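Look at the model below before reading on. The paragraphs that follow take the chain as a whole, then three helices, then two loop residues.

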Amino acid sequence: MKKNHFLMTKIVATLGPATNTVDEILKLIEAGARVFRINFSHGSFSDYDRLIDNIRKAEKQSGRFVGILGDLSGPKIRTGKVIPEGVMLKNGQEIKFVTNDIVGGSKGFENSFSTTYPQFIDEVKKGEKILLDDGNIELRCIDSMIDGDGTCLLCKVVEGNLLTTGKGINLPDTELSLPSMTEKDFKCLDYAIEKSLDYLALSFVRKGEDIKLLKNKMMERNVRPKGLDVTSGDLGFSTYFDDDYIPIISKIEKPQAIDNLEEIIEESDGIMVARGDLGVEMDLAEVALLQKKIIKMCKQHMKPVIVATQMLQSMIDHSVPTRAEVSDVANAIMDGADAVMLSGETAIGKYPVNAVKMMERVSRKTHNYQIEQINTFEQFKPYEGLLRRKAAMARGVAMMANDMKAKFIVTWLHSGGSSVFLSQQKLNIPIIACGENRKRLQQLAILYSIYPLLMDQPKSGSKFIAKVNKLLLANNWAEIGDPIIIVASSPITKRGITNRVILHYLGEKIDEDDN
């Protein structure tokens, strides 16, 4: 058995020019990546076609299941065209943003600039902060006015720097009327459906209504059940939308999202702590605390959570990360993240495979440390209706697994909902999720502690236990006498119910049954 067969905290790797071939993607899988992010902010649909084809080819060669996460661009506001050499903005200088399309810094427009969202001129109020280029430039709005260029926004430079074309604009103090999805996002949604991506990330979420908009668009396209509003702790997998259903991962990166965090987590299928824009728009000193708050709330709601952005940022240019970056990854894992994500490190970095290997090493070392700690069971949010049984089952299995020091938890899945609930218990025990639904197995690849395994439908529960015995012993994953817990339905062919938990020691006699 290779050491990274049973990864607990999963690794999401963003693909880009440095990692767009089958060979490079295969190396990332072998190093420990289990989900690949396609950033729709860069590239064309033909580029995405090649990436998806290469991911599935590499997946087949690796013999492991991997997921694909499509990341919608969202309404990112950027500066318009600026002269090629850029414009150096100085502290105390006054500049203005105009609604018409100009080249900033050119003759007659030495201190004037355009944006990709001219309406923001009417929405930013006097005294509000404007940040450019990931916070490297800070402006303060003085006033909006009408001059020879039409309506413009007059600003004072608080912190100057070089301004060039296409730099991001962040408005932490401003309530924008900007829609949560753009026309490009809708095209990318249709593309994601056509290509059967496993997850969709929604950028710049500000309130629960933003997620409802995407849900409604997916319902219109028949890739989300009409009644599936809030998915609770099963990622929506209990809906039987086995082939087309795509869960929504909401990215927390705006101050408004922090204000509406409870409703956003409630509406989302999963959460991403996107620390890039969050660190620009909010006090940097708060980001680590917000990360802990978001993860804790996700655990209470039993929602998967990914921690992203600059985790091993220095490895874009260097083969070894900083000590602070290693500590950052370990802390995210100890906080309870389902997955940690690499962005530029694997998309454009010089050492993408090394970055994944380093993250896998940190994950494994941290997990081994956690095993030594006393397990505690937090009070999760209770569920109503049919999901209450699955949530109670998962909590009960977690207690039994700790009491009997189980080597593995093994599930037979139809929809996969119970496996998600078990994953959200954040046990330091691998969960082998067996099933014959390839799509669902790919989607499970992002979840904490789950090892997806393809298996034909067993004819009975006893035959499933026999298969599990043979699998674990033949691969030297366990030994005779090791305790395991098996979770399935009775009969095992029945969908929609998980009502059977078996405490089993490998090698003990299995009674034949019809269930």
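Helices (H or I, at least four residues) and strands (E, at least two) are DSSP runs, numbered from the N terminus. The model is a predicted one: local features need pLDDT of at least 70, side-chain atom pairs count only at pLDDT 80 or more, and totals for chains, interfaces and linings use all residues. Residues are numbered from 1 along each chain as its sequence is written, and side-chain values use heavy atoms, with hydrogens and water left out.

The protein chain has 16 helices and 22 strands. Its radius of gyration is 25 Å, close to the 24 Å of the globule rule for 515 residues, so the chain is as compact as a globular protein of that length. That radius is taken over C-alpha atoms, and the rule is 2.2 Å times the number of residues to the power 0.38. Along the principal axes, the C-alpha atoms fill a box of roughly 90 × 50 × 45 Å.

Of the 515 residues, 59% are buried; buried means under 20% relative accessible area, exposed over 50%, and partly exposed in between (1.4 Å probe, protein chains only). A contact means heavy atoms within 4.5 Å. Among contacts between residues at least 6 apart in sequence, 69% join residues at least 24 apart.

Helix H5 (residues 208-220) has 13 residues and reaches 19 Å from its first C-alpha to its last, close to the expected 18 Å. The expected span of a helix is 1.5 Å times one less than its number of residues. Buried residues in H5 include Ile211, Leu214, Met218 and Met219. The buried residues of H5 pack against helix H4 (183-194), strand S13 (199-202), strand S14 (248-252) and helix H7 (261-267). Just after H5, Asn222 takes a positive phi of about 60 degrees.

Helix H10 (residues 323-335) also has its expected span: its 13 residues should cover 18 Å, and its end C-alpha atoms are 18 Å apart. In H10, the buried residues are Glu325, Val329, Ala330, Ala332, Ile333 and Asp335. Their cover includes helix H9 (284-301), strand S16 (305-308), strand S17 (339-342) and helix H12 (352-371). Gly336, just after H10, has a positive phi of about 115 degrees.

Helix H16 (residues 461-474) has 14 residues and reaches 20 Å between its first and last C-alpha, close to the 20 Å expected. Among its buried residues are Phe464, Ile465, Val468, Leu471 and Leu472. The elements against which the buried residues of H16 pack are strands S18 (408-412), S19 (431-435), S20 (450-454), S21 (483-488) and S22 (500-505). Asn476, just after H16, takes a positive phi of about 60 degrees.

Two loop residues remain. Ser41 lies in the loop between strand S2 (33-39) and helix H2 (45-62). At 36% relative accessibility, Ser41 is partly exposed. Leaving aside neighbours within four places in sequence, Ser41 is in contact with Ser73 and Lys184. The C-alpha atoms of Ser41 and Gly74 are separated by 8.5 Å, with their places 33 residues apart along the chain.

Lys195 is in the loop between H4 and S13, and its relative accessible area of 29% makes Lys195 partly exposed. Not counting residues up to four places away in sequence, Lys195 touches Asp49 and Ile52. Lys195 and Tyr48 are 147 residues apart along the chain, yet their C-alpha atoms are separated by 9.7 Å.
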